[in-house]
Amino acid sequence: ARVSTCHEALQPTADRLVARLREVTGFAWKQVADAPEVELRLCLDSGLEREGSTLSVTKSGVAIFGGDAPGVERAVQTFWQLLPVSPPRGALQVGLGEIRDAPRFVWRGLMVDLARHFFGLEELKKLVRAMAAYKLNRLHLHLTDDQGWRLEIRSRPSLTVIGGAGAVGGAPGGFLTQAEYSELVAYAAGFFITVVPEIDLPGHVNAALASVPELNCDGVAPAPYTGTMVGFSSLCASAVATQPFVHDVISEVAALTPGAWIHVGGDEAKMTTADDYLALTSMVRAEVADAGKQLIGWEELARADAGIGTIVQHWLDPSPASAAAARGAQVIVSPAKRAYLDMQYSLNVPSPRVGTFWAGFVEVSDAYGWDPGAWLADGGVRESQVLGVEGAAWTETIATEEQLEVMVFPRVVALAELGWSAQRNPRTFFDRLGRHGPRLRQLGVGFFSSTQVSWVE
Ligand code: TNX
């Protein structure tokens, strides 16, 4: 049996497909150059949408055409969903038919907070594989916060030596070396998933202040922080070390990141005066532009003149993102009461120690029961200004990989469908999701067995 490809950009998808076909069927599948008569054909059709595809199953075989290489990858994930989780060994049986597909939103993300608790390369790769299965395409890493600095910066080794050492509640810290970060970026790129690094400025910086004394207005480094308060730290606008620090960090992060975006946080800078906030974020904005990247900030950044060319991530208050959109910004929607994956599903669930509920409980039905394109409609934000949707796994209360997975899944699957499909159908969603227990298990991720879902084996 053969898989044919017509473009080298399809190689990562084809390699994984062939490996899995060999394993599943036991046949010696081979890769060949483009040919119409093969059992499984992967090719491009520039007439299709970005990430869009046609998948046709005829008696002579399966043909997948993508509008681009990501489109082929997404359709291959659909192909596997057409088959049983563990197909019987031998010839595969797929129903005849054609699926024409394309995403509703270009941004379908998962944010993981590595700062409050650290999660390493292997766990992040596992999350990438699971994201790919559900056609998510942005992995946003919250790399720095009061409790930890999680990316090696070669010009400032103390950031990770001191700032990376601890975590919330005295848990072990950790950080990604630049080599590990690059390995993750490349791994994700193989699935056409872009890593979006976040360096949170000018608040949420205690780990940096603790690591680099000159960043402090009084020149004295504070102690590392292992609690869970927010809004108490700030870069010092008058410190001469501040601008060179921001420059060095942003240029190293940009150099390591082939993706178009750098997220600069901007949230909850409660100890930064309004003037300093404006000065510091303008400086950050200039550094990101000099580094050739596009800026993303949490909705608070909209205070600081966010217009055309900025991407604002909405999480709490609809007004700043709406105002920014009116000035031409694009919006990623991550409403806490729908998309915050650190909210408990319901009281004390999954356990009284894991998760919080300041934005309310978020059951699977809440994660699925809203329309990202219309969420800010009252603020005048049109669907065309909504770049997409992102779930955010904050980790103050999430200390282990098992806890992280149970909080992320299956809610991120619900968000993934909102991001991908224009047809939101709560009536069928819970049945369809119920058949994904074995698939999530096959991906090796834990998930919360919500009683809202009729899980089948
Ligand atoms: C708000 S969302 C935060 C985070 C916390 C999260 C906990 C945002 C931009 N800031 O610092 O981790 O709530 O749910």
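T194 is a good place to start: this residue sits in strand 11, which covers residues 194-201. Keep in mind as you read that the model is predicted. From T194 we can move to the barrel, then to an open sheet, the ligand, and a few unusual spots in the backbone.

**T194 and its surroundings**
- Along the sequence, T194 and G109 are 85 residues apart, yet their C-alpha atoms are 9.3 Å apart in space.
- Leaving aside residues up to four places away in sequence, T194 touches N137, R138 and L139, and also G259 and W261.
- Try finding T194 in the 3D view, then look for these five partners: N137, R138, L139, G259 and W261.

**The barrel**
- Strand 11, the home of T194, is one of eight strands that close into a barrel.
- Going around this barrel, the order of the strands is 7-8-11-12-13-14-15-16, and the pairing is parallel.
- On average, neighbouring strands here are turned by 30 degrees against each other, with direction ignored.
- For a detailed look at one pair, take strand 14 (residues 310-314) and strand 15 (residues 330-333), which are joined in the parallel sense by four bridges.
- Within that pair, H314 faces V333 of strand 15.

**The open sheet**
- Six strands make up an open sheet with mixed pairing, and their order is 2-1-3-5-4-6.
- Which strands form the edges? They are strand 2 (30-33) and strand 6 (97-101), each of which pairs on one side only.
- In this sheet, neighbouring strands are turned by 15 degrees against each other on average, again ignoring direction.
- Strand 1 (residues 2-5) runs parallel to strand 2, and four bridges join the two.
- One bridge to look for links R2 with K30, its partner in strand 2.
- Helix 2 (residues 69-82) lies across strand 3 (40-44), strand 4 (53-58), strand 5 (61-66) and strand 6.
- Relative to strand 5, helix 2 runs at about 145 degrees.

**The ligand**
- How many residues surround the ligand? There are 13, and the closest are R116, Y340, D342, W358 and E396.
- By type, the shell around the ligand holds seven nonpolar residues, one polar residue and five charged ones.
- E396 places a polar side-chain atom 2.6 Å from an oxygen atom of the ligand.
- D267 has a polar side-chain atom 3.0 Å from a nitrogen atom of the ligand.
- For E268, an N or O atom of the side chain is 3.2 Å from a ligand oxygen atom.
- Taken alone, the ligand exposes 360 Å², and the protein buries 96% of that area.

**Unusual spots in the backbone**
- As background, most peptide bonds are trans, and most residues other than glycine have a negative phi.
- The peptide bond between V349 and P350 is cis, with omega at about 15 degrees.
- You can find P350 in the loop between helix 10 (336-339) and helix 11 (364-368).
- Another cis peptide bond runs from F409 to P410, where omega is near 5 degrees.
- Look for P410 in the loop that lies between helix 12 (401-408) and helix 13 (411-420).
- What is the phi of E51? Phi is near 65 degrees there, a positive value in a residue other than glycine.
- E51 belongs to the loop between strand 3 and strand 4, two strands that helix 2 lies across.

Note on methods:
Residues numbered from 1 in each chain as written. Predicted model: local features only at pLDDT ≥ 70, side-chain atom pairs only at ≥ 80, totals over all residues. Heavy atoms only, no water. Near = heavy atom within 4 Å. Polar contact = N/O pair within 3.5 Å; in protein donor to acceptor, adjacent residues only side chain to side chain. Areas by Shrake-Rupley, 256 points an atom, 1.4 Å probe, with all protein chains shown as cover. Nonpolar A, V, L, I, M, F, W, Y, C, P; charged D, E, K, R; others polar. Pairing = 2+ DSSP bridges. Axes fitted to C-alpha atoms, helices over the stretch in contact; angles between N-to-C directions. Contact = heavy atoms within 4.5 Å.
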